[in-house]
Amino acid sequence: MAATDLDKASTERAVATSVDPAEVPSAAWGWSGESRKAARIAAWVVVVALLGMTIGNHQGHVEDIFLVGLAGLMALMLVVDSLTQRVPK
């Protein structure tokens, strides 16, 4: 027969030490985060793709200015990110 006494509730908060697979499905197979290396590689691929789009049969060069400007800005952000990542905190 089941006991009728109730345990007193604890006033301490429970600290979760692991990720719940119900909230983050990828945690079930051991990965729950971001890959900085893969993001940097993908960003450099995008920079090369932007610069590659300047080659073409278009007449005006206004779009070339935007493509090179965006590629330069993105490359600058990647270089700054890589330099600040190396600085010890």
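**Exercise 1. Check the span of helix α1 in this predicted model: what should its 17 residues span, and how far apart are its end C-alpha atoms?**

Step 1. Helix α1 covers residues 36–52, which makes 17 residues. The expected span is 1.5 Å times one less than that number.

Step 2. That gives an expected 24 Å, and the end C-alpha atoms are 24 Å apart, so the two agree.

**Exercise 2. Sort the faces of α1: which residues are buried, and which are exposed on the other side?**

Step 1. Look for the buried positions: these are Ala-43, Val-47 and Leu-50.

Step 2. Around the axis they cover an arc of only 65 degrees, so they sit on the same side of α1.

Step 3. Now turn to the other side, where Lys-37, Val-45 and Val-48 are exposed.

Step 4. Finally, look for the cover: α2 is included in what lies over the buried residues of α1.

**Exercise 3. Place Leu-67: is this residue buried or exposed, and which residues does it contact beyond its neighbours within four places in sequence?**

Step 1. Find Leu-67 in helix α2, which runs over residues 62–86.

Step 2. Its relative accessible area is 15%; buried means under 20%, so Leu-67 is buried.

Step 3. Setting those sequence neighbours aside, Leu-67 touches Leu-50, Met-53 and Thr-54. The C-alpha atoms of Leu-67 and Met-53 are 7.5 Å apart, though 14 residues separate the two along the chain.

**Exercise 4. Classify Val-80 by its relative accessibility: what does it count as?**

Step 1. Val-80 also belongs to helix α2. With 43% relative accessibility, Val-80 counts as partly exposed.

Step 2. Together with Leu-70, Leu-73, Leu-76 and Met-77, Val-80 forms a nonpolar surface patch with about 490 Å² of accessible area.

Note on methods
Residues numbered from 1 in each chain as written. Predicted model: local features only at pLDDT ≥ 70, side-chain atom pairs only at ≥ 80, totals over all residues. Heavy atoms only, no water. Helix = DSSP H or I, 4+ residues; strand = E, 2+ residues; numbered from the N terminus. Buried < 20%, exposed > 50% of the residue type's maximum accessible area, 1.4 Å probe, protein only. Contact = heavy atoms within 4.5 Å. Arc of directions from axis to C-beta. Patch = residues over 30% accessible without salt bridge, like charges linked within 9 Å, V, L, I, M, F, W, Y side chains within 5 Å. Areas by Shrake-Rupley, 256 points an atom, 1.4 Å probe, with all protein chains shown as cover. Salt bridge = Lys/Arg side-chain N within 4 Å of Asp/Glu carboxyl O.
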